[in-house]
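This report walks through some side-chain and helix contacts for a reader who has not met the structure before. Please look at the sequence and the model first.

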Amino acid sequence: MANFSTNEFKAGLKIMLDGEPCNVLENEYVKPGKGQAFNRVKIRKLISGKVLEKTFKSGDTVEGADVMDVDLDYLYNDGEFWHFMNNQSFEQIAADESAVGDNKKWLVENDACTITLWNGSPIAVTPPNFVELEITETDPGLKGDTAGTGGKPATLATGAVVRVPLFVQTGEVIKVDTRSGEYVSRAQK
Amino acid sequence: MNWKPSAEIAEIRARAQLLTDIRHFFSAKDVLEVETPLLSQATITDPFLFPFTTDFSSPFATQSQTLYLQTSPEYAMKRLLCAGIGDIFQICKAFRNEESGHYHNPEFSILEWYRIDFDHHQLMSEVDELLQRVLACLPAEKQTYQEAFEAHLSIDPLTADLSTLKQVATEHGFENIAENETDIDVLLQLLFSHCVEPKIGQDKPIIIYGFPASQAALARLSKEDPRVAERFEVYFKGIELANGFHELKNPQEQRERFENDIAKIKHLYGTTRPIDENLLSALENGLPDCSGVALGIDRLLMLKTGASHIKDVLTMSVSNA
C-alpha cells in the first residue's frame, strides 16, 4: 500500500495507525512562527469506531490502509457468520460478529448493505438507512389511540426493540431509521 | 466562479480602521513609517520558513536572476537602522510558502517596528499598550518560557534532555513524533504549541519571553543567563500574535547563526540558501541598540472581529485570490 504525506490527508483518506485502519476526518495546520510545522488530524478508527486526534510533523508520511466499501445483499446468518452476496458476480463474503456488531439487528434478507473491507476482509457492515421489519411482539395498544403519544416498546423479527406508537400492533411491518433506531412509519403496502 | 470576497464588507472596514489606529499610535510616538522591497536577492535562513522565489528577467542581462519574496521585512528594516534612520515601523505584505490553515495564508500582512535603545521588556510594554489601544483588551501578563513549561507540563525546558522530552511527548499522545525525533527544539515546539499555548492567554494577552538560546533566531542571548535568548512571543485566545527580539548586533555571531541554519537546511532537505551579505555588511557598519517586533495584522483583525478563520478577514484568501 502506498504511503501518504500529511499534505495528502483529506477527509475520507484511509490510513494505518497503531495497526488499525483509520478514516481521516479533518486535517488542521499548526505552525509556530519560528519552528516546526505540524498537522493535527482528526481520525476515526474503523474497527473500534473511536475518534481521536493525532499530530504529525508536516510532511511526515503514513502507510495507507487498503480499505474499500462494497455494496452487497444480505443473504443469511448461519449462527456464526453473516453472509453477503454481490448480485452481479454472485461472489459471497462472510462477516463475523465483530464486523457486524450491533448492526446485526438491522439486517434484512435481500437488503443492500455496505460492507467495509480491509485487506479484503469485512471489518464493518452498514445497513441501509431505512429497513422494514415485522413486529413480533408488542402490548396491544388502547383502541382509538391514533396520536401515538407516549408509545410502547415493540420487538422486531430480528430482535431489535424500538418504541412505536400505541396503535401499531403485532404482525405489522414498520419502517425504522437504522441510524437513530427510531420508528418512522408503518410500511407501505 | 468563486468571485466574491471572502471577508464581509464590515471586516474590510474594520481593517481600514485598524490600520488607521496603528498609524496614529506610531505617529504620536514619532515613529517613522517606511516601505522596503518585497522582492529581494537574498532571503532568511530559518529552516522552517519556505520563501517563494521568482525570476527577474532584466533588459540588461541574458540570464534571469532568482529573487525572493520577503517572509518579513526584518533584514531591509535593519539595514535602514544601520544607516541611522531611527525609530521605524512598517505595514506590509509578507509571503511564506507551504503555509495555509485557520491562522495561515501564504500571503499575509505584517506590522513590524523597531525602537532604538529599547530592550525587549520596554518593547513588550509598548506591544501591550498597542494591543490595549486597538483591541480594548486587558493589560497583558508576562511569563517566562521556563515558567510556562513548569506550570503546564511540570518540566524545565532549559535543562530537560532529549529522553525526558520524548517521554513527556509520549505521555501526551505524541509517541509517533517522539519515537524518532532527535531535535530537542522540535519536541519543545510540539509541547508548547499543543500543551501550553491552548491554556494560556485566554482572558488577556500573555507575553512569553526568555526562549531557549537554540530558538534565539535573531535575538541576542541574555547576559545574565546565556541559556535563554531575549526573544518574546505574544499569545491571545489561542492565536500567536507577535514575535519580538532584543536585536542581535554582533555580525560574527549573526553569520554563525546563518551558517548553522544552512547546515540544518542541508541536513533536513539537501538544499541550501544564500546568506544575505547586505545585512551582514550593515551589521558590520553597526546596528544601534534596539528591539524589534513583528505582529500579524490579519490575526489582530481576527481577534478584533472574532473571526475563526483567516479567510474571514482577507478580501480574498489563497483559495480564491
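The sections below cover aromatic pairs, charges over rings, a helix pair and one loop residue. The model is predicted.

## Aromatic pairs

A pair of aromatic rings is described by the distance of the centres and the angle of the planes. Over all chains, the count is 13 aromatic pairs. In one of them, the ring centres of B:Y75 and B:F258 are 5.9 Å apart and the planes stand at 50°, so the pair is tilted; tilted covers plane angles that are neither under 30 degrees nor over 60. The two residues come from distant parts of the chain: B:Y75 belongs to helix α2 (residues 74-82) of chain B and B:F258 to helix α8 (residues 251-269) of chain B, 183 residues apart. B:Y75 has 8% relative accessibility and counts as buried, and B:F258, at 2%, counts as buried too, because buried means under 20% relative accessible area.

Another tilted pair is formed by B:Y145 and B:F211, with 4.7 Å from centre to centre and 40° between the planes. B:Y145 is in helix α4 (residues 145-153) of chain B and B:F211 is in strand β8 (residues 206-212) of chain B, so this pair ties together parts 66 residues apart in sequence. B:Y145 and B:F211 are both buried. They also belong to one aromatic cluster, made up of B:Y145, B:F149, B:F192, B:F211 and B:Y235.

## Charges over rings

In chain A, the charged end of A:K175 sits over the ring of A:F130, at 4.9 Å from the ring centre. In chain B, B:K142 lies over the face of B:Y209, and the distance to the ring centre is 5.7 Å.

## A helix pair

Helix α1 (residues 9-27) and helix α10 (residues 297-305), both of chain B, pack at an angle of about 115° with their axes 10 Å apart. α1(B) and α10(B) are therefore roughly perpendicular to each other, a class that spans 65 to 115 degrees. The crossing of α1(B) past α10(B) is right-handed.

Which residues meet between α1(B) and α10(B)? On the α1(B) side they are B:E11, B:A14, B:R15, B:L18, B:L19 and B:I22; on the α10(B) side they are B:I297, B:D298, B:L300, B:L301, B:K304 and B:T305.

## A loop residue

B:T43 is placed in the loop between β2 (39-40) and β3 (53-56) of chain B. Is B:T43 buried or exposed? With 5% relative accessibility, B:T43 counts as buried.

Apart from neighbours within four places in sequence, B:T43 is in contact with B:P51, B:Y68, B:Y75, B:R273 and B:P274. Among these, B:Y75 is the residue that pairs with B:F258.

Key: Residues numbered from 1 in each chain as written. Chains lettered and ligands numbered in written order. Predicted model: local features only at pLDDT ≥ 70, side-chain atom pairs only at ≥ 80, totals over all residues. Heavy atoms only, no water. Phe/Tyr/Trp six-rings, centres within 6.5 Å; stacked < 30°, edge-to-face > 60°. Helix = DSSP H or I, 4+ residues; strand = E, 2+ residues; numbered from the N terminus. Buried < 20%, exposed > 50% of the residue type's maximum accessible area, 1.4 Å probe, protein only. Lys NZ or Arg CZ within 6 Å of the ring centre and 35° of its normal. Axes fitted to C-alpha atoms, helices over the stretch in contact; angles between N-to-C directions. Parallel < 35°, antiparallel > 145°, perpendicular 65-115°, else oblique. Left-handed = near helix turned anticlockwise from the far one by under 90°. Contact = heavy atoms within 4.5 Å.
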